[in-house]
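Please look over the sequence and the model below, and then work through the exercises that come after them. Each task is followed by a solution that goes step by step.

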Amino acid sequence: MARTIVTSALLYANGPLHFGHIAGAYLPADVYVRTLRMCGDEVLAVSGSDDHGVAITISAEKAGEDYPSYVARWNGNMRATFDALDIRYDIVSGTSTCPEHPELSREFFSKLMANGYLVERQTKQLFCVHDDMFLADRYVEGTCYKCGSEGARGDECPSCGTWIDPLQFEDPRCKICGSTPEERTTTHWYLDLPKLRDDKIGGWIRDHEWKTNVEKFIENLLDDVPERAITRDMSWGVSLPPEVGDAGEGKVLYVWFDAPIGYISFTKELMRERGTPDAWKDWWQGEDTQLVHFIGKDNIPFHCLVFPSMLHGVQDGYVLPSAVPANEFYNLKGGKFSTSGGNAFDVVKFVEEWGVDATRFYLCSTMPETADSEFSLEQLIQTTNTALAGTIGNLATRVLKFIAKNFDAVVPELQESHREEMDRLILEECGPIEDPAAHVREFRFRRAAEAVVANATVANVFVDRMAPWALRKEDPAKAASALNTLCEWLNWQARWMAPLMPTKAQQLWEMLGHSGQVSDEPWPGTPDAGSWRSLTAGAALGNPEALFPRLTDPASQT
RNA sequence: GGCGAGGUAGCUCAGUCGGUUAGAGCACUGGCUUCAUAAGCCAGGGGUCGCGGGUUCAAGUCCCGCCCUCGCUACCA
């Protein structure tokens, strides 16, 4: 049986989730997981928050909160957003709360060191006595020694574009408190990426089949891969293992080093809770495991180069990613979603107002799969009204209400003599039928969304060809056969919809008279003339009602 | 400045290895239908594929230059 670990980018616990994140990494993962599960694959879905790093400590202090509660707040926001959007994981944890995380992160560090993939170096860095911390380049400002403009940041001068070495500032200031920092020597450990690349992993990365947009990114990256510091001078994070000695005092692992390890430590946490503490190995070190990382394009270097290098470097038999379906960026009004810049809105409230499934569907059908793409409320409303209310929802009501009125609200009978004609008409002559799951497996979510609608159009064409309202008077038995065929089709439609629109799929499923969960049904694929029917004539149908209410654009009202 | 992505119909986007008249959805126009959520079906109009060169029998697709938009620029993630 196919076994797949699906991860969604660990969210940096320093702000709310917005549609950019959701369309980029979380919703596609959820649709993928739901699809695979209905297909009978064994799937583990993991996500959580990335809780460490300087940015968080500074923001927390500004907000007057202690780090754990600050991080917990954003972790909670993430969970609430997932709930609102029906995005489900087996575990949503956090790097600062997962009990297994520190130890496993240190184990990675130790093994990489033992295997010769870490380099120890001493560097000079600015230290702020007032704030009692080494300052990241970004937190130093001063007068640019090239163009003389004030307010140059420690990494780059905004006026002349020069790359700044903050140690060369004549008047360095701490950006946090404004005092003058002093120069101090500090020791750090670097991940020897060039060596890791040359010891096999480079070849693996080069030969691996990546998504097109990922491929382009990686090629350049590989040629010029630097050593990367994986430790920091601060207290909020995972402390270093004892074997580094005194030099490790007051230092923690760099967030980017420990964050992806979270995927594994969260799995350990989950398996311990389930009472099978060793089961995580079957996943992460199992030969047949497929590892799929859903991320945004900004995460490509880490998931395609750094983390695989780490997994390889510890030499513990970890699986390497089989696919990294990175999405591009999702934009709002031409710019990126940004909560600090005000270019965003409250996701939970948005979903309450416009509906979970309509939102999920629209995000999927405009997902930035191949290039950056654009979100707009007007289009969401448009799409909901035409594709969901008009094509899919109206198909259900026009069929089921007609049956309720004229055929006693039960599945009408199919005359054996009509079977061949009905099957030929709907399966061959009313338009192409596609399997949404086939697109999902290729990470083509936009096409999958289109396919669900296109399949409903096939049935709408069938209704028009049969014209049951007229046929009922001329040949009632044949009208019954046609409606029986349409009931069968709606049963497929509900299952096709399930991964994308779980709530509405379930509602349709119940309208068809079923009591169980549609998501527990096996994936239907595409109908086959000989075997696609499964209904019993006379079975009671549920109450037909509008699946997707039409939405009104507040901007278009006068 | 450097790096990355993009500029294709009114809008949002597809276009695999360069190969017939450049596609889809929405919007728009016309016709059919009346079962249904003023829904459905059919047909149609609409593009010098950012600009200028080049390679080729053939370029939206490859090469060079330019213009514009967006993102990143590493010890922030």
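The exercises below go from the whole chain to its helices, its cores and the RNA strand, and they concern a predicted model.

**Exercise 1. Describe chain A as a whole: how many helices and strands are there in chain A, and what share of its residues count as buried?**

Step 1. Counting the secondary structure elements of chain A gives 18 helices and 17 strands.
Step 2. Taken along the principal axes, the C-alpha atoms of chain A fill a box of roughly 95 × 60 × 40 Å.
Step 3. Chain A has 558 residues, and 55% of them count as buried.
Step 4. Among the contacts in chain A with a separation of 6 or more, 77% are between residues 24 or more positions apart.

**Exercise 2. Check the length of helix H4 (residues 101-114), and then find which of its residues are buried and what they pack against.**

Step 1. The 14 residues of H4, at 1.5 Å a residue, should span 20 Å, and the end C-alpha atoms are indeed 20 Å apart, so the expected and the computed span agree.
Step 2. His101, Leu104, Ser105, Phe108, Phe109, Ser110 and Leu112 are the buried residues of H4.
Step 3. An α-helix has 3.6 residues a turn, so residues three or four places apart point the same way.
Step 4. The partners of these buried residues are strands S5, S10, S12 and S13 together with helices H7 and H9.
Step 5. After H4 comes Gly116, which has a positive phi near 80°.

**Exercise 3. Which residues have the most contacts inside the largest nonpolar core?**

Step 1. The largest nonpolar core has 158 residues, and Phe108, Trp284 and Phe375 are those with the most contacts inside it.
Step 2. Leaving out residues up to four places away in sequence, Phe375 touches a set of residues that includes Phe19, Tyr330, Phe337, Phe345, Phe350, Tyr362 and Leu380.
Step 3. A second, separate core has 23 residues, among them Val54, Ala60, Leu135 and Cys174.

**Exercise 4. Is Cys144 buried or exposed, and where in the chain does Cys144 lie?**

Step 1. Cys144 is in the loop between strand S7 (140-142) and strand S8 (152-153).
Step 2. The relative accessibility of Cys144 is 3%, and because buried means under 20%, Cys144 counts as buried.
Step 3. From C-alpha to C-alpha, Cys144 is 7.1 Å from Phe169, although the two are 25 residues apart in sequence.

**Exercise 5. Decide how far helix H18 (residues 502-511) is covered, and name the helices that its buried residues pack against.**

Step 1. H18 is mostly covered, with 7 of its 10 residues buried, and these are Pro502, Lys504, Ala505, Gln506, Leu508, Trp509 and Met511.
Step 2. The buried residues of H18 pack against helices H1, H11, H12 and H17.
Step 3. Gly513, just after H18, takes a positive phi of about 95°.

**Exercise 6. Describe the surface near RNA strand B: how many residues surround the strand, and which element gives the largest share?**

Step 1. RNA strand B is surrounded by 53 residues, and the closest are Ala136, Thr370, Glu374, Asn394 and Lys401.
Step 2. Of the RNA atoms that come within 4 Å of the protein, 72% belong to sugar and phosphate.
Step 3. A phosphate oxygen lies 2.5 Å from a backbone N or O atom of Glu374, while a side-chain N or O atom of Lys405 is 2.5 Å from a phosphate oxygen.
Step 4. The largest share of this surface, 12 residues, comes from H12.
Step 5. By residue type, the surface near RNA strand B divides into 19 nonpolar, 14 polar and 20 charged residues.

Key
Residues are numbered from 1 along each chain as its sequence is written. Chains are lettered from A and ligands numbered from 1 in the order in which they are written. This is a predicted model: local features need pLDDT of at least 70, side-chain atom pairs count only at pLDDT 80 or more; totals for chains, interfaces and linings use all residues. Side-chain values use heavy atoms; hydrogens and water are left out. A residue is near a molecule or strand if one of its heavy atoms lies within 4 Å of it. A polar contact is a pair of N or O atoms within 3.5 Å; within protein, one must be able to donate a hydrogen and the other to accept it, and residues adjacent in sequence count only if both atoms are side-chain atoms. Helices (H or I, at least four residues) and strands (E, at least two) are DSSP runs, numbered from the N terminus. Ala, Val, Leu, Ile, Met, Phe, Trp, Tyr, Cys and Pro count as nonpolar, Asp, Glu, Lys and Arg as charged, and the others, Gly among them, as polar. The expected span of a helix is 1.5 Å times one less than its number of residues. Buried means under 20% relative accessible area, exposed over 50%, partly exposed in between (1.4 Å probe, protein chains only). Contact means heavy atoms within 4.5 Å. A nonpolar core is a set of buried Ala, Val, Leu, Ile, Met, Phe, Trp, Tyr and Cys residues joined through side-chain atoms within 4.5 Å.
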